[in-house]
Amino acid sequence: MRFFAFQHHFYLVKEKIETNGIQFDAIHRCNAEQINILLKILAYQFSALAENGIMHSDVKPDNLLLKSTIGDYFTVKIIDFDASFLEKIYLIQTTS
């Protein structure tokens with residue numbers, strides 16, 4: 001993840017994601033192995049966010065994009081960080 005600050009605001013640089021029109025409803029077609037892989041990917045992504053002090057604060061199916069990969073497998077990306085915040089800044093503001 002890349003950030004930059006400008007005029008006392010932090011900005012997150014995001015990648016453009018092509019999803020090929022796959023809806024999150026496609027998860028119903030996944031088998032147990034595929035769902036296990038998606039859950040591991042999400043766990044890793046949320047872990048990376050937490051390690052960097054980033055709180056998403058609007059996690060819901062609409063903010064998880066499925067992208068087809070090789071074969072019948074998918075990967076998942078967390079999107080829509082508009083309501084996210086940096087944990088350290090939030091803690092400083094709420095404890096002051």
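This section describes the fold, the nonpolar core and a nonpolar surface patch of a predicted model.

The chain contains two helices and six strands, arranged along the sequence in the pattern β-β-α-β-β-β-β-α. Contacts between residues 24 or more positions apart represent 63% of those with a separation of 6 or more. Of the 96 residues in the chain, 22% are buried. The surface exposed by the chain amounts to about 7300 Å², of which carbon and sulfur atoms contribute 56%.

Confidence was assessed for the whole chain and for its elements. The mean pLDDT of the chain is 77, with 80% of the residues at 70 or more. Helix 1 has the highest mean pLDDT among the elements, at 90, whereas helix 2, spanning residues 87–95, has the lowest, at 59. Where pLDDT is low, the predicted coordinates should not be interpreted in detail.

The largest nonpolar core comprises 13 residues, and those touching the most other members are L38, L66, F74, V76 and I78. Two or more residues of this core are supplied by each of helix 1, strand 4 (64–68) and strand 5 (74–78). When residues up to four places away in sequence are not counted, I78 touches L42, Q45, F46, L49, H56, N63 and L64. The contact between I78 and Q45 also appears in the environment of Q45, a residue of helix 1 (residues 32–51). Apart from neighbours within four places in sequence, Q45 is in contact with V76, K77 and I78. Two of these partners, V76 and I78, are thus also listed among the core members that touch the most others. Q45 is classed as buried because its relative accessible area, 18%, lies under the 20% cut-off.

A nonpolar patch of about 370 Å² lies on the surface and is formed by F4, F6, Y11 and V13. Strand 1 (2–6) and strand 2 (9–13) each provide at least two residues of this patch. Y11 is located in strand 2 and has a relative accessible area of 36%. Y11 is therefore partly exposed, since this category covers values between the 20% limit for buried residues and the 50% limit for exposed ones. The value of 36% for Y11 also satisfies the requirement of over 30% relative accessible area for residues that make up a patch.

Technical notes. Residues numbered from 1 in each chain as written. Predicted model: local features only at pLDDT ≥ 70, side-chain atom pairs only at ≥ 80, totals over all residues. Heavy atoms only, no water. Patch = residues over 30% accessible without salt bridge, like charges linked within 9 Å, V, L, I, M, F, W, Y side chains within 5 Å. Areas by Shrake-Rupley, 256 points an atom, 1.4 Å probe, with all protein chains shown as cover. Salt bridge = Lys/Arg side-chain N within 4 Å of Asp/Glu carboxyl O. Helix = DSSP H or I, 4+ residues; strand = E, 2+ residues; numbered from the N terminus. Buried < 20%, exposed > 50% of the residue type's maximum accessible area, 1.4 Å probe, protein only. Contact = heavy atoms within 4.5 Å. Core = buried A, V, L, I, M, F, W, Y, C linked by side-chain atoms within 4.5 Å. pLDDT = per-residue confidence, 0-100.
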